[in-house]
Each structure stands twice: as C-alpha cells, then as structure tokens.
Amino acid sequence: MELGEGSAQQTRQVLLFFVFLGGSLVSSETRRYSVAEETEIGSFIANVVKDVGSNVKDLAAREARVIFDDYTPHLRLDPQTGDLLINEQLDREALCPLTEPCILHFQVLFENPLQFFRAELWVEDINDYTPTFLDRHIVLKIPENTAPGTFFPMESAQDLDVGKNGVQNYTISPNPHFHLKLQGSDEGRKYPELVLDHPLDREKEPELSLTLTAFDGGSPPRSGTALIRVVVLDVNDNAPQFERPVYEVQVPEDSPLDSLVITVTATDLDAGINGELSYSFSHASRDIRKTFEIHPISGEVHLKALLDFELIQSYTINIQAIDGGSLSGKSAILVRVVDVNDNPPEIAMTSLTSPIPENSAPELVVAVFRVRDKDTGDNGRTVCSIQDNLPFLLKPTFKNFYTLVTERPLDRETSTEYNISITVTDLGTPRLKTEHNITVLISDVNDNTPTFTQNSYTLFVRENDSPALQIGSVSALDRDFGTNSQVSYSLLRPQDPHLPLASLVSINADNGHLFALRSLDYEALRAFEFRVGATDAGSPALSSEALVRVVVVDDNDNSPFVLYPLQNGSTPCTELVPRAAEAGYLVTKVVAVDGDSGQNAWLSYQLLKATEPGLFSVWAHNGEVRTTRPLSERDAAKHRLVVVVKDNGEPPRSTSVTLHVLLVDGFSQPYLPLLEVAADEVQADSLTVYLVIALASVSSLFLFSVLLFAMVRLCRRNRAASMGGCSVSEGHFPGHLDVSGTGTLTQSYQYEVCLAGGSGTNEFKFLKPVIPNLAPQGAEREMEESSTFLNGFGFN
C-alpha cells in the first residue's frame, strides 16, 4: 500500500510538472459536459475529436488521456473513436455533498506535441433520496387546558437531493385537534408548525398519534414520515370515585391475623399527583380500629384481631379516598362473620398386620381403624378413602369402623412395601381432611426362577494355558429375597457321553467362575459345549440352565513338518538337473505342513545355505527351488542346499531340510538305470522345453487359485465375525498362500514325490495320501472345503 501511494504521488508530480511546463499550450476555452448521476458505466458523454477538432488517428499517436483534478478516473477516453465514456457510477451526494452545482474539473492531455484542453463535468442531481426526519418519533407534551390557536414548531425533514428534488411540502394525518402550517426560513427552506384547533381533554383522550409526512418535488415524488405522539398533561378537575357505594364481604371466623378481608378501589380520572389516592377510615369506632386496618395506598383491608362469630356477627366500616388536590370520595364496607368448620376429622388405628406374605389370599384383613369428627351436621359427616391402583380395599363396618383388606394377590418383586395414605374428609364448608400413613411390608415367597444374564456364553481359551486358570464366568439373577435369591452354580451332565467334562472344567458354586482343569490342545480339541445350572436356596428350590461354549484358540506350538523331501535318515534323494537348464528351471519343490491353524500355519520358505550361492533360489510362498541363471561347465557337479521352512506364528517356528542336487550333461544311462531305452538328445531337449512350459502354466494357475481361495476364506471369516459378534485378532500374514485355508497342506496328508523316467525329462507326480486322516471334525470340514475348491481348478 505504501509503494502504491508513493507511485501515485510521483505520477501527480510529473503531471503537474507537464501542466506548468506547457501552460502556454493550454487552450483558454473550457468545455462543459453534463451527465446525470448514477448513469450506467460505459455511457457516452461527448466526442473529443469533434470538440477539439483533431483526427481520430492522432489520438493513439499523441497518447491522449483524461486527467481529473481529484486524480479519480471518473471518465475514460476511447482511443479508437475519441468518445468520452462513463468509467464509474457517479454519486452527486458523495462527490459534492455541500455544493450546488456539482462540477468536476478535468483536462484532456495530448502528448507529441504537448497540448491541454480544459473541461468541466456537471453532475446533475436525480431524485434518488427520500426525505428523512432525524427524529422518527416525536413526543409533544401539551397541558389539557392549553388554549386553541397555540403553535408548536416541528423539526424539518432532511433530503440529500437539491433543487426541486429537495423537500417541498408537509402534510399531517387527519385529526380533530390540530392542523399544519408551513413557515419559510432565510435559506429558502420550509418547516412545519402544529396549530391547536380544539381544546384537549386528558380524561377522554390522554394521547394522540399523528403522522407527519414530508414530500419532495421529484418525479415521481418521494416521501418520508415521522410519528408525533401528543401526550396530554393532566389538570386536577376530577374527584375520586369508589367502584361501589357499599362493599359486602363474608369473613370466616377462623381467618388468621393479617389476612386480607377485602380490597377497595377508587378511581380518579386525573393523572400524576392529581390522580394519586390515599385510603383511610372515616368516623370509625374503637372496635373497628382494633379489629381492622386499611392500607393507605393499596386499599387492602386486613385483620388485626381474631373474629368470633358468637360475639359479633357483622361490622360496618366507613372509608374515604383523598387525591393529591384534596378532593375526596366516600364508601362503606359491610363485613359479615361466617361460622366455619374448624374441627378436622380424627383417625384412631386399632390394629395393623405387617409384614404379610406375597401369596396371601384376597380379603386378608391388614388393618382396623375408627374415624370421628367433633363437628355436627354436614361438618361432622366424613368420607374415607385410600389411593387408587393399590391392591387393597377399604370396607366400612359399624359406627365409623373401617377394615383394610387385600383385593388381589401380591407380588413382592413388583413392590416390596406399600405406603398407604388413609384420607378422611368431612362434608363441611370448607371441607377439612386428615391423612394417616401406614406402611405394609410384603414378605418374600420363592416364586422366581434364577435367570442367566445370557442364554448362551462363548469363552475363548488359549491352548497350552496353565491349569486352574479362570477362563470366564456365568451369572444368574433371582428376583426373590434373602435365601430365596441365593444362587449356586453347577455343571450339568454333557449330552456328548464321550466328552470328559469333569476333567476339563470346573465351576465355583458361589460366584459362577469357570476354571480349566488342565491345559487344552487345539489340535486335539478345538471346541466343546456343556450346560451350567443355577439353583436358588428356596424351598422348594428352583433352577435354570444356560449353554456354555468353550473355543480353544490356537497357539503356535507345532513346528513345520517337511513332507518332501523326507528327512528320515535314509539315503538322501538327489535331484538331477541338466547343465543345459536355463534360468528359472524348476529343480524341485519343498512340501511342508503345519499342525497349527490360521497365521500359525502360514509357511514361508528361505534358502539358508548353498554350496554355490546365487545359483539356486527358493520361492518364499510355495517352496519351489529354481535356478537363478543358466548353468555352465565351470559349475560344480554336486550341490547341497539347506532350506528353512518357517511359519507365521508369534514367536515363529522353523524346520530346515537338506537338498542334494547333481548337475548332469543329460539324463543318460549311467544316471538313470531304471530306463530301458534312452532317447536321443534332440528328443530330450524338446521334452525339457515342454516340461518347463507345463510347469510354468501349472504354477501360474496354482498361484491364482490360492489367491482366489484366500479371498473367499477371508470373506467368509468377515461375514461370520459380523454375524456372530466374535472378534478375530489381526496379524501380519504372507501375501501369497499355497493351498487350503491355513496356507499349507493339511497335516493329515503326506505325499510322495519322485522323478518319472522314460522320456528323459523332469516330471513331478503327486500321489494319493498315505497317512490316515486323524484331524478333528472342524479341520476335516475345512480340508473338504479346500479339496473341493482345488478340485474345481483341476487339482486332484
């Protein structure tokens, strides 16, 4: 901002310098242009070319521009046509708030050669402002005895417009008391005056509302209004008047001291001090002044002493009201003393039985009591009642005796006690009542069965946990009381006769805590169910049952087991690899299983040692051993590889396997004694290529099936978790799996892998399982699902 202001200052200095320097080049004639305010931007004002007598082509060459004295670009010059156009919307009231006419001086500057033309822009006013009163609400106070013909000057309205667009006339709303007269000022402005035509009467019309309207001379004219509130000031010309000449009131004889007897009210049409009234007794006797008192401002009459109907039945009190102008009004009060029912009923309790059993039969007598009232007549007759919605009834007997009996069977679990309020009301005026509260306790009967907080419980126990650890708890509630609500827990006989429940879990009979008696093995027993009973200590005892399901959570307690090659101490199996094998040649495949499940059974393979590092590699997710580069004559003939198989448990477990690889020039008679006829080298090379292509295709299909199967398993687990409400802990799992839902071959299968001769090429053949299936039913079901899924892709 500072830089912008400095640059503008420098520009102004340069322009002034050129103005003084070329003073002789300034035209003496001043051209005048006019424009109405708020004209739209871009509107045409004049053509400089015609006024100056120059050529349009000279404008751009001579760099013509418009400069205003206030350095504000109100107009702009079109260099193509020489037209002066509105550059911004002009507001006459903002440009010239105090001057008329509104003239903006500017110059048309030509360079090359330097020449100035003076000009003026007259901004003409339009009627864009409305007359406005500075005070929109005018309060005018006039005494009611003001003489007609009195003048009351009013403030004039303000209008930012000038000339005929300014304020020209005033009017006032029609009324019977005032008319409006216009007066002129030395400046030529007009201001209004109110003239009183008829006398005012505050008692008839204390206030008047008039509307003063100012009009300007625009076309169309604009107007503004102000509200005149005429307040008529009072004159004491009215005496106080009471509402009634005689006030009659009945006062009960038992009214307390300082109680309100009556409030008298007088009105005075005057206002202010002329309408302020003071109340007092007039010619009152000593008994009246001793018994009653009147408040001088409010007119309230209160008792100073107690009344007695038997002594005095009525009082006549004279009162007066005096205003601030000493005018007064008079009235009288006739007080009649009324005999009242001042004795409340009484209740005398004879007998009460509490507590009572909740299984009591109806019509059981709970209480017997008597009611009496010292009054006579209707004041001595009584009505007795209890609350609604109670299982009890009141029955009258003889001579105001009542019995309280049960109406229906009771339930202690719904209400342990009943607070009964016996209410006795007489028939006097006003009615008096007496309340007597009794409490009836309900004793408990064993009529509620213990209820478990859940119909079934699911407990999760990690395998190999120490014995005698608490694995969970069950809880049952009994709505009864005392010994009837004391619950003991026990294990019920399992439905499965082969489940050794007594050796697996035990339960605390007092609190329902469940304990594992021995360490559990996930691979042997994955889940089991049993029922728990809850029995109360009532007589007779009541009981209920709940189902408990214990799920054994797998722990990583099994190391991977290598199916191929078998490490049984016999002669190691040697893998033959032709020296003509290219990079990526499948040497063999390490097949392993893990007895655990989930991520504990997801296996990965790693080459730990090799006779010649960099020659062989092991695929981490399927155990395939392949060559990493083409073989050469310089490579050793015998190689020993150590492969580590590791699961994904926490902590992980691993097993190592040793592979023996023999590099040969070809599968000839010395290395394959089982072959009867050797094929020629051309046929061997052809079959080797076919074998590599087949293995690559099978491996790709195998990886795709494993990925698809893993996705299906994960979807099933997510759906099961959302439906069952059980959460499964997340962990880091390998990105690719081999087979089945556990990421490896199931433990119940062992495969034989060998080389098949006859064609001179390597070929793996997976035979049927030779180990019987000993997995639990859950694992068998998962294995069948995996087998069915793999069979769909051609894996038999």
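Tutor: A strand here is a DSSP run of at least two E residues, numbered from the N terminus. Keep in mind that this is a predicted model.

Student: Which strand holds Val 35?

Tutor: Look at residues 26-36. They form one strand, and Val 35 lies in it. That strand is S1.

Student: Is Val 35 buried or exposed?

Tutor: The cut-off for buried is under 20% relative accessible area. Val 35 has 6% relative accessibility, so Val 35 counts as buried.

Student: Which residues does Val 35 touch, not counting residues up to four places away in sequence?

Tutor: Glu 124 is one of them. Its C-alpha atom is separated from that of Val 35 by 5.9 Å, though the two are 89 residues apart along the chain. The full set is Ile 45, Ile 86, Leu 90, Leu 121, Trp 122, Val 123 and Glu 124.

Student: Val 123 has a bridge partner; which residue is it?

Tutor: Val 123 is in S7. Strand S7 covers residues 115-124 and runs antiparallel to S6, with 9 bridges joining them. The partner of Val 123 is Cys 102.

Student: Which residue takes a positive phi in the hairpin of S6 and S7?

Tutor: This hairpin has 4 residues between the strands. The phi in question is near 60°. The residue is Asn 112.

Student: What stands opposite Ile 67 in S6?

Tutor: Start with the strands. S3 (residues 65-68) and S6 (residues 102-110) run antiparallel, joined by 4 bridges. Opposite Ile 67 stands Gln 107.

Student: Now Gln 320. Is Gln 320 buried or exposed?

Tutor: Gln 320 is found in strand S22, residues 314-322. Buried means under 20% relative accessible area. Gln 320 has 16% relative accessibility, so this residue counts as buried.

Student: Which side chain makes a polar contact with that of Gln 320?

Tutor: Leaving aside neighbours within four places in sequence, Gln 320 is in contact with several residues, including Phe 242, Tyr 279, Phe 281 and Gly 329. The polar contact between side chains spans 3.0 Å. The partner is Lys 330.

Student: How exposed is Leu 708?

Tutor: Leu 708 has its place in helix H7, residues 681-724. Partly exposed lies between the cut-offs of 20% and 50%. With a relative accessible area of 31%, Leu 708 is therefore partly exposed.

Student: What area does the nonpolar surface patch with Leu 708 have?

Tutor: Leu 708 helps make this patch. The others in it are Leu 701, Phe 704, Met 711 and Val 712. The area is about 420 Å².

Technical notes:
Residues numbered from 1 in each chain as written. Predicted model: local features only at pLDDT ≥ 70, side-chain atom pairs only at ≥ 80, totals over all residues. Heavy atoms only, no water. Buried < 20%, exposed > 50% of the residue type's maximum accessible area, 1.4 Å probe, protein only. Contact = heavy atoms within 4.5 Å. Pairing = 2+ DSSP bridges. Patch = residues over 30% accessible without salt bridge, like charges linked within 9 Å, V, L, I, M, F, W, Y side chains within 5 Å. Areas by Shrake-Rupley, 256 points an atom, 1.4 Å probe, with all protein chains shown as cover. Salt bridge = Lys/Arg side-chain N within 4 Å of Asp/Glu carboxyl O. Polar contact = N/O pair within 3.5 Å; in protein donor to acceptor, adjacent residues only side chain to side chain.
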